[in-house]
Structures are given as structure tokens and as C-alpha cells.
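Visitor: I'd like to know how the labels on a model like this get decided. Could you walk me through the reasoning?

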Amino acid sequence: MHLRHVNVKKTLLGLILLFVIVTLGNNVVKHDEALHVIERSYAQMNKASK
């Protein structure tokens, strides 16, 4: 019974870690995309003002 309880805890911890890693990866990708949009917007503004 104790061994089964430990395996359930390890499995749940593994799932939580997987979700955390996926969430962090998604955040990095989304922030990178947002920065590129901002960079392009400033470049267009600078080009239009010249």
C-alpha cells in the first residue's frame, strides 16, 4: 500500500513538472512573438516618419 502511494505521488509530481515546463515554454514563445510585433511596429513607425 505504501509503495502504491509513493508511485501515485511520483506520477502526480511528474505531471505537475510537465505542465510547468510546457507553460514556461509557451510563455517564452509568446513573449518572443510579442517582442517581434513591437519591434516591427517601431520599425514601421520610424520608416513612416522619415
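Guide: Sure, starting with the word helix: here a helix is a DSSP run of H or I with at least four residues, numbered from the N terminus. A43 is found in one of these, helix α1. Keep in mind that this is a predicted model.

Visitor: What makes helix α1 count as a helix, and which residues does it cover?

Guide: Helix α1 takes in residues 2-49, and a run needs at least four residues to count. In the whole chain there is one helix, with zero strands.

Visitor: How do you know that the chain is more spread out than a compact globule?

Guide: The globule rule gives 10 Å for 50 residues, and the radius of gyration of the chain is 22 Å, well over that, so the chain is more spread out than a compact globule. The box filled by its C-alpha atoms, along the principal axes, is roughly 75 × 5 × 5 Å. As an example of spacing, A43 and V20 sit 23 residues apart in sequence, with 35 Å between their C-alpha atoms. For L15 and H5, 10 residues apart, the C-alpha separation is 15 Å.

Visitor: Why is V22 called exposed?

Guide: Exposed means over 50% relative accessible area. V22 comes in at 51%, so it counts as exposed.

Visitor: And why is A43 called partly exposed?

Guide: Partly exposed is the range between the 20% and 50% cut-offs. A43 has a relative accessible area of 45%, so partly exposed is the label. L15, also placed in helix α1, gets that label at 39%.

Visitor: What share of the chain is buried?

Guide: Buried residues come to 0% of the 50 residues. To be buried, a residue has to be under 20% relative accessible area.

Visitor: What makes the nonpolar surface patch?

Guide: V8, L12, L15, L18, F19 and V22 make it, and the patch has about 560 Å². Patch residues need over 30% relative accessible area; L15 at 39% and V22 at 51% fit that. For the chain, the accessible surface is about 5,000 Å², with 69% belonging to carbon and sulfur atoms.

Visitor: How do you know that H31 has a polar contact with N27?

Guide: A polar atom of the H31 side chain lies 2.6 Å from the backbone oxygen of N27, and the cut-off is within 3.5 Å. H31 is itself in helix α1 and, at 54% relative accessibility, counts as exposed.

Note on methods:
Residues are numbered from 1 along each chain as its sequence is written. This is a predicted model: local features need pLDDT of at least 70, side-chain atom pairs count only at pLDDT 80 or more; totals for chains, interfaces and linings use all residues. Side-chain values use heavy atoms; hydrogens and water are left out. Patches are made of residues with over 30% relative accessible area and no salt bridge: like charges are joined within 9 Å, nonpolar side chains (Val, Leu, Ile, Met, Phe, Trp, Tyr) within 5 Å. Accessible areas come from the Shrake-Rupley method with a 1.4 Å probe; for residues, only the protein chains shown count as cover. A salt bridge is a side-chain nitrogen of Lys or Arg within 4 Å of a carboxyl oxygen of Asp or Glu. Helices (H or I, at least four residues) and strands (E, at least two) are DSSP runs, numbered from the N terminus. Buried means under 20% relative accessible area, exposed over 50%, partly exposed in between (1.4 Å probe, protein chains only). The radius of gyration is taken over C-alpha atoms; the globule rule is 2.2 Å times the number of residues to the power 0.38. A polar contact is a pair of N or O atoms within 3.5 Å; within protein, one must be able to donate a hydrogen and the other to accept it, and residues adjacent in sequence count only if both atoms are side-chain atoms.
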